[in-house]
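Q: Could you walk me through a structure I have just opened, taking the ligands and the strands in turn?

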Amino acid sequence: MALNIQENISLKSYNTFGMDVLAKFFFRFSTTAQMQEIGNDSLFRHNPVMVLGGGSNMLLTTNFEGLVIKNEIPGIELISEDADHYFVKVGAGVDWHEFVLYCLEKNYAGVENLALIPGKVGASPMQNIGAYGVEMKDVFHSLEAINVDDLNLVTFYNADCEFGYRESIFKNKCKNQFVITSVTFKLNKIPVYKTAYGAIEDALHEMKVDTLSIQHIAQAVMRIRNSKLPNPSVLGNAGSFFKNPEIEAVQFDSLKNYFPNISGYKTDSGKIKIAAGWLIEQAGWKGYRNGDAGCHDKQALVLVNHGNATGTEIFELSENIISSVHEKFGIFLHREVNIY
Ligand code: FAD
Ligand code: NAP
């Protein structure tokens, strides 16, 4: 049967920044076999290809003169369990938060701190999504992905993925090499509560929680997120635009002399992680707006599209922010969002 490939499709509703650019060719797949079928097609072989999940971690700066393939593989399945864990296999096209809600309903612990992160499960290993002291790698067991060269389905285990801080092998060495089709998670039967991060304790206190549960933690996280992060369906954005920089302790100590309020968190590697949002705010960008491109007024790390900003305008704003933060603090910010 002929593949249903659409042409000149607007991507506006497929990216959370709301950038109105065109995909020259557009194809949806909901099975591994369909992905392999498109992989064999000459359009796939002879054009740039973009894998699209929920479009919540990308900035589209121009029309995509190639083939966009939208991953819609469904399914959440408990495949096995041992004394301490449940192993749950999830289709790459499942909404991340829908998967979190499934876990909360079943009492499977481990992803409660990651509630309300937009996007699809298939993209979660790409940057090892993280929030409130938990990263996807903490509950990751394995994933299946199609190698775009030979179209074979390959399994990657935790150590294979080279997970780091908002990093993985799929964002670096193996960029554009694999299409993730499913992820298997290893969830805890006995929860290990992580509440020490950010404002979770305060939110739990406000909620008057006495006996803690994973559901309470998820509620606290959702409460905080709803209060400070812009909802992309109201205000276009892709979450944190930059990664938090990690600097040497000696540089941190010297910055502290000039900026006594600067706070840092020691990382496993001995470096100091600085909140990029704080640096951007100190450089004067919080709430900034030029035309429809801006910096969010509650969280300076989030760049926003007030309506009709172009991807290029948002990108230029990010360049200006990088320069000014460098000028003030001597620290280079790196973008977390994928630029197209
Ligand atoms: P997309 O934006 O569609 O894709 C991102 C990249 O992954 C692209 O390069 C794409 O080609 C590639 N990709 C997507 N799917 C696949 C696949 N199946 N196989 C191979 N490559 C693929 N991130 C966090 O880590 N923590 C947060 O707390 C967080 N909060 C956010 C809050 C808001 C309001 C927003 C808008 C974003 C936030 N993000 C956060 C960023 C984003 O939600 C995550 O990075 C998410 O995992 C992206 O998923 P997606 O499906 O939208 O990916
Ligand atoms: P926040 O609570 O205001 O904290 C600011 C920064 O300080 C965060 O970026 C966080 O780093 C760091 N931090 C806070 N408490 C820490 C601790 N106890 N130990 C180590 N680091 C600590 O941050 P926020 O902007 O509201 O975000 C809350 C959480 O959601 C963060 O984990 C953040 O990464 C995540 N988030 C991510 C995105 C995204 O698009 N990537 C968007 C929104 C929120 P980390 O970022 O390293 O955790």
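The chat below goes through the overall fold, the two ligand sites and two of the sheets.

Q: Before anything else, what sort of model is this, and how are things numbered?
A: This is a predicted model, in which local features need pLDDT of at least 70 and side-chain atom pairs count only at pLDDT 80 or more, while totals for chains, interfaces and linings use all residues. Residues are numbered from 1 along each chain as its sequence is written, chains are lettered from A and ligands numbered from 1 in the order in which they are written, and side-chain values use heavy atoms, with hydrogens and water left out.

Q: Ok, how many helices and strands does the protein have?
A: There are eight helices and 20 strands, where helices (H or I, at least four residues) and strands (E, at least two) are DSSP runs numbered from the N terminus. The radius of gyration is 21 Å, close to the 20 Å that the globule rule gives for 340 residues, so the protein is as compact as a globular protein of that length; that radius is taken over C-alpha atoms, and the rule is 2.2 Å times the number of residues to the power 0.38.

Q: And what box do the C-alpha atoms fill?
A: Along the principal axes, the box is roughly 65 × 50 × 35 Å.

Q: Now ligand 1: which residues are closest?
A: The closest are V51, G54, S56, R225 and Y340, out of 33 residues that surround ligand 1, a residue being near if one of its heavy atoms lies within 4 Å. By class, this shell has 16 nonpolar, 14 polar and three charged residues, with Ala, Val, Leu, Ile, Met, Phe, Trp, Tyr, Cys and Pro counted as nonpolar, Asp, Glu, Lys and Arg as charged, and the others, Gly among them, as polar.

Q: Which polar atoms lie by the oxygen atoms of ligand 1?
A: A backbone N or O atom of G55 lies 2.8 Å from an oxygen atom of ligand 1, and a backbone N or O atom of K120 is also 2.8 Å from an oxygen atom of this ligand. For Q127, an N or O atom in the side chain is 3.0 Å from an oxygen atom of ligand 1. The protein covers 94% of the 970 Å² of accessible area that ligand 1 has on its own, by the Shrake-Rupley method with a 1.4 Å probe.

Q: Switching to ligand 2, why does it lie between two domains?
A: Domain 2 (76-188) and domain 3 (236-339) both give residues to its shell, so ligand 2 lies between them; the bounds come from an automatic or database domain assignment. The shell holds 18 residues, the closest being R166, Y197, K273, Q299 and E336.

Q: What does E336 do there in terms of distances?
A: An N or O atom in the side chain of E336 is 2.7 Å from a nitrogen atom of ligand 2, and the side chain of Y165 has an N or O atom 2.7 Å from an oxygen atom of the ligand. Taken alone, ligand 2 exposes 790 Å², of which the protein buries 81%.

Q: K273 came up; where does it sit among the strands?
A: K273 is in β16, opposite E246. Strand β16 (residues 272-274) runs antiparallel to β14 and is joined to it by two bridges, and strands count as paired if DSSP finds at least two bridges between them. The open sheet here has three strands in the order β14-β16-β15. In it, β14 (246-247) and β15 (264-266) stand at the edges, each with a single partner strand, so one side of each is left without a neighbour in the sheet.

Q: What about the sheet with β13?
A: That open sheet has four antiparallel strands, ordered β13-β19-β18-β17. Three bridges pair β13 with β19 (residues 302-305), and S240 has V302 as its bridge partner.

Notes. Polar contact = N/O pair within 3.5 Å; in protein donor to acceptor, adjacent residues only side chain to side chain.
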